[in-house]
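Biologist: I am new to this structure and would like a close look at a single part of it. Could you take me through that part carefully, and then place it beside the pockets?

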Amino acid sequence: MKNILKIIGSVVLIIFLIYFVYRNINLWHVPKSDLVKNEATSKLYRKVIPNTDNISWMTYYYTNKDVKVNDIPEGMKYNIAFKNTGTGMNEVDEKTLKKAYEDVYGEGSYKPVESFYGGCTKYYYDKINKMYKAKERNTCKSINTTIISKITDAEEKNNKFNLTVEIAYLDGNTRTVYKDCDSSLTSCTNIIEKNAVTFAEENLDEKNYNLHKYKFYYEGKNNNYYFVESKKIK
């Protein structure tokens, strides 16, 4: 009888251990507080932000309530990809640009284009050498209003990742911080701070400004997360 009880006890223990391991493999995710501070989370967000003086691209996520990956202007995608190559060279080989592009938008998403703006310089495709070369150098426009953003929430679960940012607008001339601004960054309203000599992301939630929030969604595949959508949630 004792042996039977021992066997039953051992079986129950094994079942419990199997369940415990299974549960943690499928449901475990990094605590939100740790994800928000994680450099990998910041990197995911920075990867989808363009480097340009094209204001319509700079404000794109924040002036549209719902942005799906296929909605994003193609020129903006290549600008983002070029920024993510980390190069400011006169030439960038197609292989490097393709990798940077697909690192954001997924495998097979890249297609060669005749030209694109990398920063404020226009690059043209050289089919023979399979690279993009800078041919038109433009002076970047001076933009007085800056978009300041801060990651406030993040979650990683079931091969999906989402992060939430809150934003404000800083007028560099008057040092005034606004809650709202139009797509051209010329008409800002709802002042939240005046005479802000210094103002950065760490200042955004100091006084409970009740700022607008946007959620960015990513899906995982082959050990990488790819941008899927962004939504205004507040």
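Which residues in H5 meet which residues in H6?

Modeller: Please keep in mind that this is a predicted model, and that what follows is computed from it. On the side of H5, the residues in contact are Glu 74, Lys 77, Tyr 78, Ile 80, Ala 81, Phe 82, Asn 84 and Thr 85, and on the side of H6 they meet Thr 96, Leu 97, Ala 100, Tyr 101, Val 104 and Tyr 105. Sorted by class, this contact of H5 with H6 holds nine nonpolar residues, three polar ones and two charged ones.

As for how the two helices are placed, H5 covers residues 74–85 and H6 covers residues 94–105, and they pack with their axes 8 Å apart at an angle of about 110 degrees. Because angles of 65 to 115 degrees count as roughly perpendicular, H5 is roughly perpendicular to H6. The crossing in which H5 passes H6 is right-handed.

Turning to the pockets, the largest one encloses about 430 Å³ of space, and of the 19 residues that line this largest pocket, Tyr 45, Ile 49, Tyr 62, Ile 147 and Ser 149 are the closest to its centre. Two elements, helix H3 (39–47) and strand S6 (145–157), each supply at least two residues of that lining, and S6 gives the most, with six residues. The classes in the lining of the largest pocket are ten nonpolar, five polar and four charged residues.

The second largest pocket has a volume of about 180 Å³, and its lining is formed by Ala 40, Thr 41, Lys 43, Leu 44, Lys 47, Asp 103, Glu 156, Phe 161, Asn 223, Asn 224 and Tyr 225. Here H3 and strand S11 (224–232) are the elements that give two or more residues, and H3 gives the most to the lining of the second largest pocket, with five residues. By class, the residues lining the second largest pocket are four nonpolar, three polar and four charged. Helix H3 therefore appears in the account of both pockets, as a supplier of at least two residues to the lining of the largest and of five residues to the lining of the second largest.

Conventions:
Residues are numbered from 1 along each chain as its sequence is written. This is a predicted model: local features need pLDDT of at least 70, side-chain atom pairs count only at pLDDT 80 or more; totals for chains, interfaces and linings use all residues. Side-chain values use heavy atoms; hydrogens and water are left out. On a 1 Å grid over the protein atoms alone, a cavity is a set of points where a 1.4 Å probe fits but cannot get out, and a pocket is an open set with protein on both sides within 12 Å along at least five of seven lines; lining residues have an atom within 4 Å of a point. Grid points are joined across faces, edges and corners, and a volume is the space filled by probe spheres set on the points. Helices (H or I, at least four residues) and strands (E, at least two) are DSSP runs, numbered from the N terminus. Ala, Val, Leu, Ile, Met, Phe, Trp, Tyr, Cys and Pro count as nonpolar, Asp, Glu, Lys and Arg as charged, and the others, Gly among them, as polar. Axes are lines fitted to C-alpha atoms, for helices over the stretch in contact, and angles run from 0 to 180 degrees between N-to-C directions. Angles under 35 degrees count as roughly parallel, over 145 as roughly antiparallel, 65 to 115 as roughly perpendicular and the rest as oblique. A crossing is left-handed if the near helix is turned anticlockwise from the far one by less than a right angle, and right-handed if clockwise. Contact means heavy atoms within 4.5 Å.
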